[in-house]
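User: I am beginning to study protein structure and should like to work through one example by question and answer. Please keep the reasoning explicit.

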Amino acid sequence: MARVTTSTSTTSIVFIPTSISLLHSKFSTFRLQFPNLYVAGGSRRITCRYGGGANSRQEDSRRSQKTSFDDDPALDISTIRSNTVRLIDDQQTMVGIVSKSAAIQMAEDAELDLVILSPDADPPVVKLMDYNKYKYEQQKKKREQQKKSAALRMDQKELKMGYNIDVHDYSVRLRAARKFLKDGDKVKVIVNLKGRENEFRNNAIELLHRFRDDIGELGIEESKNFKDRNMFMVLIPNKSLYELSQSRVLA
């Protein structure tokens, strides 16, 4: 028995294979569902997905979860014109050259996907694997790599102060610097001496040293310049503390 599915209803019909042309005249599109073969009206695409027999309901459930990858060319075995393929099993072992039909049967027996690795090879190279699991792991690795890349990127923030900055403004800049460092950014603290303010150079140097001490272990001094009128000090995040904070966030 085959199940004929239209866009509006599902009807079970017992028929002889030669009557397919008669059914096609009544239904614009139709789908035949057999245990180990999937054929869609208007298309000759064959994908090797596991399942069938008494576990047809389980197969339907698995297929519904795997629709996101069903259109992947790597699963379209019908694109292979060769009658033979070079097969690799799910344990990374080279099985060797087998017929395409035998490879499909092995995939079904193992309840795995038959994935095309090298379609242009002679013969084409295919592999048994859980393709959804493979794609999920690849996407997970990509996300982790993106997070690591983002963590390695450092923006530089600038904070400017006068040598005689008041307590409140100093506290505001100190909080801002701590936040920037916790976020993984560099902080450049600048004290600009104008005109006769150059006489208070020592006050400016003491201010920068005090700022660095108040930052504490959050930041490490990367560079500084106390010779020019635009005196500055660059602080970078303490790598060990920053990585610890990131691991807690990801956890």
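The questions and answers below concern this structure, which is a predicted model.

User: How many helices and strands does the protein chain have?

Analyst: The protein chain has 251 residues, of which 33% are buried. Its secondary structure comes to 7 helices and 12 strands.

User: What percentage of the contacts with a separation of 6 or more joins residues 24 or more positions apart?

Analyst: The count takes contacts in the protein chain with a separation of 6 or more. Among these, the share of residues 24 or more positions apart is 57%.

User: Which strands stand at the edges of the open sheet in the order β6-β5-β8-β7?

Analyst: This sheet has 4 strands, and its pairing is mixed. A strand at the edge has a single partner strand, so one side of it is left without a neighbour in the sheet. The strands in that position are β6 (94–99) and β7 (113–118).

User: Which residue in β6 stands opposite Val85?

Analyst: Strand β5, residues 84–88, pairs with β6 in the antiparallel sense over 5 bridges. In general, strands of a sheet pair through backbone hydrogen bonds, either parallel or antiparallel. The residue in β6 that stands opposite Val85 is Val98.

User: At about what angle to β6 does helix α3 run?

Analyst: Helix α3, residues 100–109, lies across β5, β6, β7 and β8 (125–129). Its angle to β6 is about 125°.

User: Is the pair of rings of Tyr131 and Tyr134 stacked or edge-to-face?

Analyst: Both residues lie in helix α4 (residues 131–152), 3 residues apart, about one turn of the helix. Their ring centres are 6.0 Å apart, and ring centres within 6.5 Å count as a pair. The planes stand at 25°, and planes under 30 degrees apart meet the cut-off, so the pair is stacked.

User: Is Tyr131 buried or exposed?

Analyst: Its neighbour in the pair, Tyr134, has a relative accessible area of 36% and is partly exposed. For Tyr131 the relative accessible area is 5%. Since buried means under 20%, Tyr131 is buried.

User: How many residues apart are Tyr163 and Phe200?

Analyst: These two residues form a stacked aromatic pair, with 4.8 Å centre to centre and 10° between the planes. Tyr163 is in the loop between β9 and α5, while Phe200 is in the loop between β10 and α6. The pair thus links distant parts of the chain, at a separation of 37 residues.

User: How does Phe200 count by relative accessibility: buried, partly exposed or exposed?

Analyst: Tyr163, with a relative accessible area of 19%, is buried. Phe200 has 32% relative accessibility. This value falls between the limits of 20% and 50%, so Phe200 counts as partly exposed.

User: By how many degrees are neighbouring strands turned on average in the open sheet in the order β9-β10-β12-β11?

Analyst: This sheet has 4 strands with mixed pairing. β9 and β11 (219–225) stand at its edges, each with a single partner strand. Between neighbouring strands of this sheet the average turn, direction ignored, is 20°.

User: Which residue in β12 is the bridge partner of Glu221?

Analyst: β11 and β12 form a hairpin with 4 residues between them, and they pair in the antiparallel sense over 6 bridges. One of the bridge partnerships joins Ser223 to Val234 in β12. β12 is also joined to β10 by 6 bridges, and these two strands run antiparallel. There Val187 stands opposite Leu235, and the bridge partner of Glu221 is likewise Leu235.

User: How many of the 8 residues of β12 are buried?

Analyst: Helix α6 packs on the sheet and touches β9, β10, β11 and β12, with its direction at about 10° to that of β12. α5 also lies across β9, β10, β11 and β12. Strand β12 is mostly covered, and its number of buried residues is 6.

User: Which element gives the largest share of the largest nonpolar core?

Analyst: This core has 22 residues, and those with the most contacts inside it include Met161, Phe211 and Met231. The elements that give two or more residues to it are β9 (156–161), α5 (167–182), β10 (186–192), α6 (201–215) and β12 (230–237). The largest share, 6 residues, comes from α6.

Methods
Residues numbered from 1 in each chain as written. Predicted model: local features only at pLDDT ≥ 70, side-chain atom pairs only at ≥ 80, totals over all residues. Heavy atoms only, no water. Buried < 20%, exposed > 50% of the residue type's maximum accessible area, 1.4 Å probe, protein only. Contact = heavy atoms within 4.5 Å. Core = buried A, V, L, I, M, F, W, Y, C linked by side-chain atoms within 4.5 Å. Pairing = 2+ DSSP bridges. Axes fitted to C-alpha atoms, helices over the stretch in contact; angles between N-to-C directions. Phe/Tyr/Trp six-rings, centres within 6.5 Å; stacked < 30°, edge-to-face > 60°.
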